[in-house]
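Let's walk through a protein structure together, one piece at a time. Have the sequence and the 3D view ready, and take your time with each stop.

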Amino acid sequence: MKAVKKNTFWLRMVALVAIVFGLMTIKEGGLVLYGDQAAVKAAGDFMPFVLWFNFIAGFFYILAGIGLWLQRRWAVWLAIILAVGTAFVFAAFGLHIALGGAFAQRTVVAMSLRTVIWTVIALIARQQMRPGRMFGASS
């Protein structure tokens, strides 16, 4: 019985992180995308493709969080896709920087954080929901 509680605990924790992270991402990205001049100025030299990816991904962060909370196997795959997608966008952003493109240092920090967070969420979700660990969860 303790394994079930532990399993539920870690899944619920990463689910909450995903949901809160998604809400924060949508709020901050929306402020820059939809005209709050102070937010646009604070964003500095942002890359539109990175900003749009993160904004749209915010909705999927929430969806993944809900799926993990409900212990749905598809949510593990969504977390993996988010981790890989974020890493690819980060790599493209790195190429932009390497080619001399303008950038804001906060984007480097934010993308590093996003990549680590989603990699950890995906790893925990995969480990906690692997076959034999789940009891009664459907996909």
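In which helix is the place of Thr86? Thr86 sits in helix α4. Before we look around that spot, keep in mind that this is a predicted model.

Let's step back for the overall plan. The protein has five helices and zero strands, so its elements, read from the N terminus, run α-α-α-α-α. Of the 139 residues in the protein, 37% are buried. Among contacts with a separation of 6 or more, 75% join residues that are 24 or more positions apart.

Now back to Thr86. Is this residue buried or exposed? Thr86 counts as buried because its relative accessibility is 0%, and the cut-off for being buried is under 20%. If we leave aside its neighbours within four places in sequence, Thr86 is in contact with Phe53, Tyr61, Met111, Arg114 and Thr115.

One of those partners, Tyr61, leads us to the nonpolar interior. The largest nonpolar core has 21 residues, and Tyr61 is among those with the most contacts inside it, together with Leu68, Leu82, Trp118 and Ile121. Which helices supply at least two residues each to this core? They are α1, α3, α4 (73–98) and α5 (105–128). The largest share, six residues, comes from α4. Apart from this core lies another one, of five residues, including Met47, Val89, Phe93 and Met111. To see how one well-connected residue is packed, find Leu82: not counting residues up to four places away in sequence, Leu82 touches Ala57, Phe60, Tyr61, Ala64 and Trp118.

Next, follow helix α3, which covers residues 48–69. This helix has 22 residues and reaches 32 Å from its first C-alpha to its last, close to the 32 Å expected at 1.5 Å a residue. Where is the kink in α3 centred? Look at Gly58, where the helix has a kink of about 30°. Gly58 is also one of the buried residues of α3, and others include Asn54, Phe55, Tyr61 and Leu68. Just after the helix, Gln71 takes a positive phi of about 60°.

Several of those α3 residues meet a residue from another helix. Thr25 has its place in helix α1 (residues 2–33). Leaving aside neighbours within four places in sequence, Thr25 is in contact with Asn54, Phe55, Gly58 and Tyr61, as well as Gly30 and Arg114. Thr25 counts as buried because its relative accessible area is 5%, which falls under the 20% cut-off. What does its side chain reach? The side chain of Thr25 reaches the backbone oxygen of Phe21 at 2.7 Å.

Our last stop is a pair of charged residues. How many salt bridges does a search of the whole structure find? The search finds one, formed by Lys27 with Glu28, and the closest N and O atoms of this pair are 3.4 Å apart. Lys27 is exposed because its relative accessible area is 52%, and the cut-off for exposed is over 50%. Glu28, at 41% relative accessibility, counts as partly exposed.

If you go back to the 3D view, try finding Tyr61 once more: this residue of α3 is buried, has a place among the best-connected residues of the largest core, and is in contact with both Thr25 and Thr86.

How values were computed:
Residues are numbered from 1 along each chain as its sequence is written. This is a predicted model: local features need pLDDT of at least 70, side-chain atom pairs count only at pLDDT 80 or more; totals for chains, interfaces and linings use all residues. Side-chain values use heavy atoms; hydrogens and water are left out. Helices (H or I, at least four residues) and strands (E, at least two) are DSSP runs, numbered from the N terminus. The expected span of a helix is 1.5 Å times one less than its number of residues. The bend at a residue is the angle between axes fitted to the seven residues ending there and the seven starting there. Buried means under 20% relative accessible area, exposed over 50%, partly exposed in between (1.4 Å probe, protein chains only). A polar contact is a pair of N or O atoms within 3.5 Å; within protein, one must be able to donate a hydrogen and the other to accept it, and residues adjacent in sequence count only if both atoms are side-chain atoms. Contact means heavy atoms within 4.5 Å. A salt bridge is a side-chain nitrogen of Lys or Arg within 4 Å of a carboxyl oxygen of Asp or Glu. A nonpolar core is a set of buried Ala, Val, Leu, Ile, Met, Phe, Trp, Tyr and Cys residues joined through side-chain atoms within 4.5 Å.
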